[in-house]
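Hi there,

Here is the structure I promised to pass on to you. Please open it next to this email and follow along as you read.

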Amino acid sequence: MDSHGRSWRHGARRAWAAAALLAVFATSVCAPAPARAAEAKKPVLRAGAAASNITPWLDQPVIGGWKAAPAERIHDELHARCLVLDDGTTRLAIVVCDNLGIGRELFDEAKQRLHAQTNLPVDRMLMASTHTHSSIPCRWKGDKVSAEGSPDYGRFVVRRIVDGVRRAINRLEPARIAWGAADVPEEVFNRRWLMKPGTQLPDPFGGTDRAKMNPGHQRPDLLKPAGPVDPQVCFVAVESAGGRPIALLANYSLHYVGGTRRQEISADYFGAFADRIQQCLGADRLDPPFVGILSNGTSGNINNINYAAPPERRKPYEKIRLVADRVARAVFAEYGNLDWRPYVSLAMRQREIELAVRKPTPDQLAQAREMLAHPEWPDKRPHQRTYAHRIVRLHEAPETSRVILQAVRIGDLGIATVPFETFVETGLELKARSPLKPTFTISLANGSGGYLPTPEQHRLGGYETWLGTSRVEIQASTKIATALLEMLADMKP
Ligand SMILES: [Zn+2]
C-alpha cells in the first residue's frame, strides 16, 4: 500500500462513517413525518454479500495442467463469493467460485436447493467459476475417488454456495451502486500465434495447424498473434446507503496468471485481486465483511505471457500479486470518479440453447481405437493418446448439449454469461454490439463446456480448437452471441 492509498483509505472510512451518522440523525430527528412516508414509497435498492470458504482438503488432485498431482499445501483459501441485489421487484444472486470449471449439474443442484430454501427463482441465479488452475475437480455426479476427485468435495461446495447466498440475503441493506471501467493492456496477451510459412505444426489427429498456443519465447518462426486482446477491466461497486463498501464485482479477460508451486491450492490472481481491492478501498475487517470478486471475462485465448519478449524469472506467486495489484489499482483509480446511484432497476433473462456436439470422422475414430488397443505405442503426434481417449468419449457422448445463457441488467450496465472458455473475439463483439453500455461477459458460468473458439479461429486450428478440447459445433460462438444480444436488447431500460 502506498501512502496515497493509505490516506485515501482513512479519508474514505471517515467519510462513510460520518455520512452514516448524519443519515441516522436525519431520519430519526429532522425528517418530518410526511417526508418519511413519501420516502417509504420510493423503491429501494438493497444489496448483501458474503464469501463462503470452499478450500478443499489435502491429497486431492490439483488440476489445470496435463498431469494432476495430489494437493500437499494450501497457499491461499478458495471461496464462493456471493452478491445479492434486490430492486424491490427483481432479486438476483451472482456467485463466483474459485475453481477450474464447475459443471452444470453441480450448479443446477445448488440452484435447486437455494430455490427450495429461499424462493429465489433458479433463473435469477448466476453461478460461475474463476478458472484458477490450482484447484481440484468439483463435480456433482460421479462416485470415483482416484483421478476424478472425491464426490464429497462437490457436495461440500454445493452446501457452501447455498449458505453463501443465504448469508448474502440475510445481509441485504439499502445500497447505492456505481460502475466503471479502466484499461490494463500490459497484462493480456493473445496466446495463439501465427507462425511463419513453412513451420510444421502437427495436430494430434494427423493434420496440420496454422495457429500455435504458447509457442515459446522469441522463436524465430513467430509471425504475429492470431487475434486481439481485450484490455478492459469493467466493474460494479456496491456500497451501503451510508457509503460503507459492500462488494465490488470486477471482470477482466485473462485466463489466469499461474506461477504457483506444484501441488498447492490457490485462488490465483482472482483471490489476490479480491484481497488487494479490499485493501485499496480501506474495506478490511468491516462488519459485515466487504466481498471483492473478480470474474473471468472472455479469456479462452488470452494469457499473461508475452512471447515476443524473453521469459520472465519470478518467485512463486510474485506475478499473481503483481497482476492483481495492477488490476486492483486500475479499478481503484476510477473509484473516486464514480457516479453513485441511490437506485437502479434490475433485470435478468435466461435462455437454454441446444448445440450440436462435435463428432469424430469414422477415420479419426478408427485411429483412436487402434491407438487405445495398443497401450505400448508411443505418441507419434502431440498428445495423440490423450486425444484418442477424448475422441472415443465424444463419439459416445449425446448428439447435442443444452447450455444456459444469461443476461443481466444493472441500471445501464449489462452482463452476459457463457458456459465455456470463451474466446476474446466474442467478448469484444458483445461489448461493441450490446445496447447496454458498458457490457461485460462472464465465462464458465452455469457450466463448463470446454473452449469456445470463433469459426474463424477454428479454421486456424491449434489446441483450443482440437476435437475434445472444443466439444461443441464450430458455429457455437456465433449462435451464442446472437442469442445474448437479443436477450440484452430485450432488457433495455
Ligand atoms: Zn485453463
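Before we start, one cut-off will help: a residue is called buried when its relative accessible area is under 20%, exposed when it is over 50%, and partly exposed in between. Please also keep in mind that this is a predicted model.

Let's begin with Glu464. Is Glu464 buried or exposed? Its relative accessible area is 0%, so Glu464 counts as buried. You will find Glu464 in the loop that runs between helix H10 (455–460) and helix H11 (476–490). Its side chain makes a polar contact with the side chain of Arg192, at 3.0 Å. If you set aside the neighbours within four places in sequence, the residues in contact with Glu464 include Arg191, Arg192, Phe423, Tyr451 and Ser470.

Next, the metal site. Which residues are the protein donors of the zinc ion? They are His131, His133 and His255, each through its NE2 atom, lying 2.0 to 2.1 Å from the ion. Along the sequence these donor residues follow the spacing H-x1-H-x121-H. Both His131 and His133 are buried.

Now for the charged pairs. How many salt bridges does the structure hold? There are 32 salt bridges in the structure, and here are three pairs to look up:

- Asp86 and Arg91 form a salt bridge, with their closest N and O atoms 2.8 Å apart. Asp86 is buried because its relative accessible area is 8%, while Arg91, at 24%, counts as partly exposed.
- Asp163 and Arg160 meet through their side chains in a salt bridge of 3.6 Å, N to O. The two are three residues apart in helix H4 (residues 151–170), so about one helical turn separates them. Asp163 is partly exposed at 31%, and Arg160 is partly exposed at 21%.
- Asp325 and Arg329 form a salt bridge whose closest N and O atoms are 2.9 Å apart. Why are they separated by about one helical turn? Because they sit four residues apart in helix H6 (residues 318–335). Asp325 counts as buried at 17% relative accessibility, whereas Arg329 counts as partly exposed at 41%.

Salt bridges can also link up into a network, as they do for Glu187, Glu312, Arg314, Glu318, Lys319 and Arg326.

Finally, have a look at one of the sheets. Strands of a sheet pair through backbone hydrogen bonds, either parallel or antiparallel. The sheet I have in mind is open, with four strands in the order S18-S19-S20-S22 and mixed pairing. Strand S18 (346–356) and strand S22 (439–442) stand at the edges with a single partner strand each, so one side of each has no neighbour in the sheet. On average, neighbouring strands of this sheet are turned by 20 degrees against each other, direction ignored. Strand S19 (residues 400–410) pairs with strand S20 (residues 413–417) in the antiparallel sense, over five bridges. To find one of the bridges, start from Val408, whose bridge partner in S20 is Ile415.

Helices pack on this sheet too. Helix H3 (residues 104–118) touches S18 and S19, and its direction makes about 55 degrees with that of S19. H11 touches S18, S19, S20 and S22, and its direction makes about 155 degrees with that of S18.

Enjoy exploring, and write back with any questions!

Best wishes

Notes: Residues are numbered from 1 along each chain as its sequence is written. This is a predicted model: local features need pLDDT of at least 70, side-chain atom pairs count only at pLDDT 80 or more; totals for chains, interfaces and linings use all residues. Side-chain values use heavy atoms; hydrogens and water are left out. Buried means under 20% relative accessible area, exposed over 50%, partly exposed in between (1.4 Å probe, protein chains only). A polar contact is a pair of N or O atoms within 3.5 Å; within protein, one must be able to donate a hydrogen and the other to accept it, and residues adjacent in sequence count only if both atoms are side-chain atoms. Contact means heavy atoms within 4.5 Å. A salt bridge is a side-chain nitrogen of Lys or Arg within 4 Å of a carboxyl oxygen of Asp or Glu. Donors are N, O and S atoms within 2.8 Å of the metal (3.2 Å for Na, K and Ca); water is not among the atoms, so sites may look incomplete. Two strands pair if DSSP finds at least two bridges between them. Axes are lines fitted to C-alpha atoms, for helices over the stretch in contact, and angles run from 0 to 180 degrees between N-to-C directions.
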